[in-house]
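Trainee: Hey, I've just opened this one and I'm new to it. Can you walk me through it?
Mentor: Sure, let's pull it up and go piece by piece.

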Amino acid sequence: MSSGGRTKIAELLQSKTAIGTDVVVKGWVRTKRGNKNVAFIALNDGSIIHNIQIVADVNKFDESLLKNITTGSCIKACGKLVESLGSGQPVEIQAESIEIYGTTDASYPLQKKGHSLEFLREIAYLRPRTNTFGAVLRIRHAMAFAIHKYFNDHGFYYLHTPLITGSDCEGAGAMFNVTTLDLNNIPKTEEGKVDYSQDFFGKPCNLTVSGQLEGELGALALSQIYTFGPTFRAENSNTPRHLAEFWMIEPEVAFYELEDNMELAEDFLKYLIQYALDNCQDDLQFLAKMYDNELIDRLKFVVDNDFVRLDYTEGIDILMKSGVKFEFPVSWGLDLQSEHERYLVEQHFKKPVILINYPKEIKAFYMKLNDDGKTVRAMDVLFPKIGEIIGGSQREENLDKLRQRVEEVGVPEKDIWWYLDTRRWGTAPHSGFGLGFERLLLFVTGMSNIRDVIPFPRTPKNAEF
Ligand code: 4AD
Ligand code: MG
C-alpha cells in the first residue's frame with residue numbers, strides 16, 4: 001500500500017528502529033514556538049493523539065517560509081529522527097527541508113487550545129483537527145471495527161437492511177417522510193388526501209427507525225445476523241442522549257429466548273469495552289484527563305461485574321420505596337424516564353441493570369407476550385451515566401397472538417403482511433436487540449453530549465455540514 005510519501009506519526013513515535021534514519025512526515029501544525037535560533041513545530045497527522053516535534057534551525061531556512069508555518073497550516077517535513085533531549089517526547093525530527101502545502105490566516109478558528117465543546121459544535125467541519133475529536137473519532141472507528149469482529153468471530157452474518165421503508169417498526173417516534181412529490185403542488189385524491197400513487201414509490205415511505213423487522217427475516221433463514229447502519233427518528237427530543245440520525249447495531253438470533261438474548265447483550269458490551277481498554281489507551285487517557293477522571297475505572301468496573309437482572313415490576317417497587325421525589329412520579333404501567341433508570345443503576349445497584357418483562361402497553365407490538373397476559377419479554381440494558389443503552393426482546397413467534405397485537409396497536413396489515421407470513425411458514429422462537437452506537441460511545445469516551453461522539457450530528461433545527 002502506498003504511504004503517500006510519508007511515515008505516519010504514530011509509527012515514528014512507537015518505533016525504536018527508525019531512530020537515526022531520515023524520515024518524511026506530513027500533517028497539520030498544532031503549535032510553533034521557539035527563539036531567534038531555533039523553531040519547534042508540533043505536528044499532528046491524526047494517526048495518534050500525540051504530536052511529533054520538528055526542530056528547525058532558523059538559520060537554515062528562509063525567513064518567510066518559517067513565518068508561514070502557523071497553527072493549522074499543513075506541511076511536509078523531511079529530516080533525521082533523533083532521540084529528543086526535551087522531556088515532552090521520546091523522539092523528534094531535525095528538519096532538513098520543509099514544504100508548505102496549505103497556509104492559514106488569523107481567521108482560522110482553532111488558534112488556541114481550550115475551545116468549549118459548544119463552540120466546536122458550531123465548527124464541526126474543523127473539530128476533527130482537535131485532540132478531543134481526534135480521540136473520539138479514533139475510538140468510534142475502533143468500536144465499529146470491534147463490532148464487526150465480534151459478530152464475525154461468533155458466526156453472525158452482516159445483513160444490509162433498507163434505509164427507505166414503507167413500515168414503522170417501533171411505532172413510537174415520528175418518522176421522516178421520503179418523497180419526490182412537489183411540496184408546493186401536492187397531488188390530491190378525490191377525498192382531498194395526498195395522492196401517494198403519484199409518488200416515487202407509489203405509496204408513503206419513510207426513513208427507517210430500525211432494521212429489526214427485515215433483520216428478523218434474515219435470522220429466520222441464516223439463523224444469526226446483525227445489522228449496523230444509520231436509523232432516523234424525527235422525535236423532537238433535544239436532550240444530550242438523542243439524535244435524529246444515529247447508528248444502531250441490531251443482532252437477531254433464531255432459537256434464542258430472552259435469557260440467551262441477555263447473555264449475548266452482556267457479553268457483547270463487555271467485549272467492546274475491553275476492546276477499547278486494550279486498543280485505545282492513549283485516547284482514553286487523554287479523555288479521562290480532560291473530561292472525566294473516573295472514566296477508565298468505570299470501564300473496568302463494567303467489564304469485571306455481572307449485570308443485575310431485574311423484573312420491571314420489582315424495579316417499580318424499588319423506585320416507589322426509594323423515598324426519592326422524582327420529576328416524573330412512578331407507578332406500575334408507566335414507562336421509565338432516564339432519572340428512574342439512573343437511580344436504579346447509579347444509586348441502588350451501582351451496576352448495569354437489565355430490566356425485563358415490561359407492561360405490553362409501553363412496548364412495541366412484536367414483543368412476545370408472557371403467560372400473565374400483561375407483560376412482554378422485553379429487555380432494556382441500563383448503564384451508568386447513560387440510562388438505556390440497549391433495547392430488545394424475544395419476538396412473538398405465534399401468528400395468532402402477533403395478529404392480535406398488530407390489531408390492538410393499529411398497525412395496518414397491508415404494511416407488514418410479509419412480516420406476519422414468517423409466522424405462518426416455518427416460524428421459530430427468536431430474539432434480538434438494538435444497541436445505540438452513539439450511546440455506547442458516550443459511555444466509552446466519557447463525553448456527556450451525544451452531539452460530540454458523531455462527526456456531524458443531526459438534531460432538531462440542525463443539519464449543517
Ligand atoms: O429501544 P429502541 O427504540 O429499540 C429498537 O429500535 C428495536 N427495534 C431494537 C431491536 O430490538 N432490534 O432503540 C434501540 C437503542 C436504544 O436502546 C438506544 O441506545 C438507541 O437505540 N436510541 C437512540 N440513540 C440516539 N438517539 C436516539 N434518538 C435514539 N433512540 C434510540
Ligand atoms: Mg427503547
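Trainee: Which residue follows H13, and what is its phi like?
Mentor: That's Gly446, and its phi is positive, near 75 degrees. Keep in mind that this is a predicted model.

Trainee: And H13 itself, how many of its residues are buried?
Mentor: Nine of the nine, so the helix, residues 437-445, is largely enclosed by the rest of the structure.

Trainee: Which ones are they, by name?
Mentor: The buried residues in H13 are Phe437, Glu438, Arg439, Leu440, Leu441, Leu442, Phe443, Val444 and Thr445.

Trainee: OK, zooming out. How many helices and strands are in the chain?
Mentor: The chain has 13 helices and 16 strands. Its C-alpha atoms fill a box of roughly 85 × 55 × 45 Å along the principal axes. Of the 465 residues, 50% are buried.

Trainee: Now the ligand. How many residues surround ligand 1, and which are the closest?
Mentor: There are 25 residues around ligand 1, the closest being Glu170, Gln212, Arg233, Glu250 and Glu388.

Trainee: What are the classes of residue in that shell around ligand 1?
Mentor: It's a mix: nine nonpolar, eight polar and eight charged residues.

Trainee: What does the side chain of Gln212 do with ligand 1?
Mentor: An N or O atom in the Gln212 side chain is 2.7 Å from a nitrogen atom of ligand 1. Backbone atoms come into it as well. For Ile389, a backbone N or O atom lies 2.8 Å from an oxygen atom of the ligand. For Phe433, a polar backbone atom is 3.5 Å from a nitrogen atom of ligand 1.

Trainee: How much of ligand 1 does the protein cover?
Mentor: On its own, ligand 1 has 630 Å² of accessible area, and the protein covers 93% of that.

Trainee: Which elements give two or more residues to the shell around ligand 1?
Mentor: Three strands do: S11 (245-254), S15 (387-394) and S16 (430-436). The largest share is from S15, with five residues.

Trainee: Switching to Ser210. Where is it placed?
Mentor: Ser210 is in the loop between strand S9 (205-207) and helix H5 (212-222).

Trainee: Is Ser210 buried or exposed?
Mentor: Buried, because its relative accessible area is 3%, and the cut-off for buried is under 20%.

Trainee: What does its side chain touch? I mean Ser210 and Glu250, how far apart are they?
Mentor: The side chains of Ser210 and Glu250 are joined by a polar contact of 2.8 Å. A polar atom of the Ser210 side chain also lies 3.0 Å from the backbone nitrogen of Gln212. Glu250 and Gln212 are both among the residues closest to ligand 1.

Trainee: Any empty space inside? How many cavities of 30 Å³ or more are there?
Mentor: Two. The largest holds about 50 Å³ of space, and Ser210 is one of the residues that line it, along with others including Thr165, Asp168, Cys169 and Leu213. Its lining has three nonpolar, five polar and two charged residues.

Trainee: And what about the second largest cavity, what's its volume?
Mentor: About 40 Å³. Among the residues lining it are Ala124, Arg127, Phe133, Val453 and Pro455. By class that lining is eight nonpolar, no polar and two charged.

Trainee: How about pockets? How much space is in the second largest one?
Mentor: About 1200 Å³. There are 47 residues lining that pocket, and those nearest its centre are Arg30, Ile49, Asn51, Lys113 and Asn131. Elements that give two or more residues to the lining include helix H1 (9-14), strand S1 (22-34) and helix H4 (131-153). The lining divides into 19 nonpolar, 19 polar and nine charged residues.

Trainee: Last one, Thr104. Where is it found?
Mentor: Thr104 is in the loop between strand S5 (91-102) and helix H3 (117-122). With a relative accessible area of 23%, Thr104 is partly exposed.

Trainee: And how far is Thr104 from Arg403?
Mentor: They're 299 residues apart in sequence and 63 Å apart in space, C-alpha to C-alpha.

Technical notes. Residues numbered from 1 in each chain as written. Chains lettered and ligands numbered in written order. Predicted model: local features only at pLDDT ≥ 70, side-chain atom pairs only at ≥ 80, totals over all residues. Heavy atoms only, no water. Near = heavy atom within 4 Å. Polar contact = N/O pair within 3.5 Å; in protein donor to acceptor, adjacent residues only side chain to side chain. Areas by Shrake-Rupley, 256 points an atom, 1.4 Å probe, with all protein chains shown as cover. Helix = DSSP H or I, 4+ residues; strand = E, 2+ residues; numbered from the N terminus. Nonpolar A, V, L, I, M, F, W, Y, C, P; charged D, E, K, R; others polar. 1 Å grid on protein atoms, 1.4 Å probe; cavity = no way out; pocket = protein on both sides within 12 Å on 5 of 7 lines; lining within 4 Å. Points joined across faces, edges and corners; volume = space filled by probe spheres on them. Buried < 20%, exposed > 50% of the residue type's maximum accessible area, 1.4 Å probe, protein only.
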